[in-house]
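Work through the exercises below with the model open beside you. Each task is followed by a solution in steps.

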Amino acid sequence: QERPIVFQPASERKPCGVLAVIQEAGQGSRFRHCVFQGGGKGPKEGVNRMGFHWTGAFNGYGGRFLLDRCRFADNPAEDAVNCKRATVRIVDCVFENNAGDALDLDFAPGAEVRGNRFAGNGNDAMDISGTAAWIYANIVHGSGDKGISVGERSFPVILRNVLRGCATGIAVKDGSSAQIGNCLLAGNAVGLDLYLKKAAFRSSGEVALKDIRFENNGRDVRQP
């Protein structure tokens, strides 16, 4: 903890590359007390290597990943973290001042996102697609777009999260269904947004709500 492993540019004048880990089923990787700063080319650019298009400063594909007490800051990449088709646990990490999404999970079954802090990220704090995730006890402040974006038939359980000062606190869309409980949505332009973005999914999002507090949002709930 006192001597973290740091991934950062060799020069302040340009960003560094990306870290990409490809695993087979059954393989696993753990990253503890790591710092990722200044990684990736920029939003909508990415890096093409090994037959993949990598959009994150940190990228994981396949297998299992643990990110524990890591910090992701000031990354110009489209995503600070992007994981696809992997089982992912992201615990007690900090995501701050990243240009795009802080955390992007695509088809990550059984993902756990717990006890993390997100502040000042340019787009979504958490963006999940095609994923059943447990999203618990995270604090999100000042996301440029959504605090939690749930899309493409995702089925998360979202408990005890605080989402403040975002364009949208939680968005559920495109055939997704979310269970949301004991959350605070405060000072967002829209607290909870349900809509259809991609016509192929035919329906907007559904939610089951319990013990949700809405405070000082421009609009608490927006739905079709």
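**Exercise 1. Strand partners around β22**

Task: Which residue of β22 does Ile-148 stand opposite? Trace the pairing outward from there.

Solution.
Step 1. Ile-148 stands opposite Ile-170 in β22.
Step 2. Before going on, fix the ground rules: this is a predicted model, local features need pLDDT of at least 70, side-chain atom pairs count only at pLDDT 80 or more, and totals for chains, interfaces and linings use all residues. Residues are numbered from 1 along each chain as its sequence is written, and side-chain values use heavy atoms, with hydrogens and water left out.
Step 3. Strands here are DSSP runs of E, at least two residues, numbered from the N terminus. Two of them pair if DSSP finds at least two bridges between them.
Step 4. β19 and β22 are joined by four bridges in the parallel sense.
Step 5. β22 also runs parallel to strand β25 (residues 190–195), with five bridges. Val-172 has Leu-194 of β25 as its bridge partner.

**Exercise 2. Burial in β22 and β25**

Task: Is Val-172 buried or exposed? Is Asp-193 buried or exposed?

Solution.
Step 1. Apply the cut-offs: buried is under 20% relative accessible area, exposed is over 50%, and partly exposed lies in between (1.4 Å probe, protein chains only).
Step 2. Val-172 sits in strand β22. Its relative accessibility is 0%, so Val-172 counts as buried.
Step 3. Take the whole strand. Six of the six residues of β22 (residues 168–173) are buried, so the strand is largely enclosed by the rest of the structure.
Step 4. Asp-193 belongs to strand β25. Asp-193 has a relative accessible area of 6% and is buried.
Step 5. Check its side chain. Asp-193 makes a polar contact with the side chain of Arg-222 at 2.7 Å. Such a contact is a pair of N or O atoms within 3.5 Å; within protein, one must be able to donate a hydrogen and the other to accept it, and residues adjacent in sequence count only if both atoms are side-chain atoms.
Step 6. Add a distance. The C-alpha atoms of Val-172 and Trp-134 are 15 Å apart, with their positions 38 residues apart along the chain.

**Exercise 3. Two open sheets**

Task: What is the strand order in the open sheet that holds β22? Which strands stand at its edges?

Solution.
Step 1. The order is β2-β7-β10-β13-β16-β19-β22-β25-β28, nine strands with parallel pairing.
Step 2. β2 (19–22) and β28 (219–222) stand at the edges; each has a single partner strand, so one side of each lacks a neighbour in the sheet.
Step 3. Twist averages 5° from one strand to the next. The angles are between N-to-C directions, from 0 to 180 degrees, along axes fitted to C-alpha atoms.
Step 4. Inside this order, β10 and β13 pair in the parallel sense over five bridges. Lys-84 stands opposite Asp-106 in β13.
Step 5. Now take the open sheet β1-β4-β9-β12-β15-β18-β21-β24-β27, with nine strands and parallel pairing. Its edges are β1 (5–7) and β27 (213–215), each with a single partner strand.
Step 6. Within it, strand β18 (residues 139–141) pairs with strand β21 (residues 162–164) over three bridges, parallel. Val-140 has Leu-163 of β21 as its bridge partner.

**Exercise 4. Pockets and a cavity**

Task: Which residues lie closest to the centre of the largest pocket? Which line the largest cavity?

Solution.
Step 1. Set the rule. On a 1 Å grid over the protein atoms alone, a cavity is a set of points where a 1.4 Å probe fits but cannot get out; a pocket is an open set with protein on both sides within 12 Å along at least five of seven lines; lining residues have an atom within 4 Å of a point. Points are joined across faces, edges and corners, and a volume is the space filled by probe spheres set on them.
Step 2. The largest pocket has a volume of about 450 Å³. Of its 25 lining residues, Asp-101, Asp-104, Asn-123, Asp-124 and Asp-127 are the closest to the centre.
Step 3. β10 (79–84), β13 (101–106), β16 (126–129) and β19 (146–151) each give two or more residues to that lining.
Step 4. Sort the lining by class: two nonpolar, seven polar and 16 charged residues. Ala, Val, Leu, Ile, Met, Phe, Trp, Tyr, Cys and Pro count as nonpolar, Asp, Glu, Lys and Arg as charged, and the others, Gly among them, as polar.
Step 5. The largest cavity has a volume of about 30 Å³. Trp-54, Asn-59, Gly-60, Tyr-61, Asn-82 and Lys-84 line it. β7 supplies the largest share of this lining, three residues.
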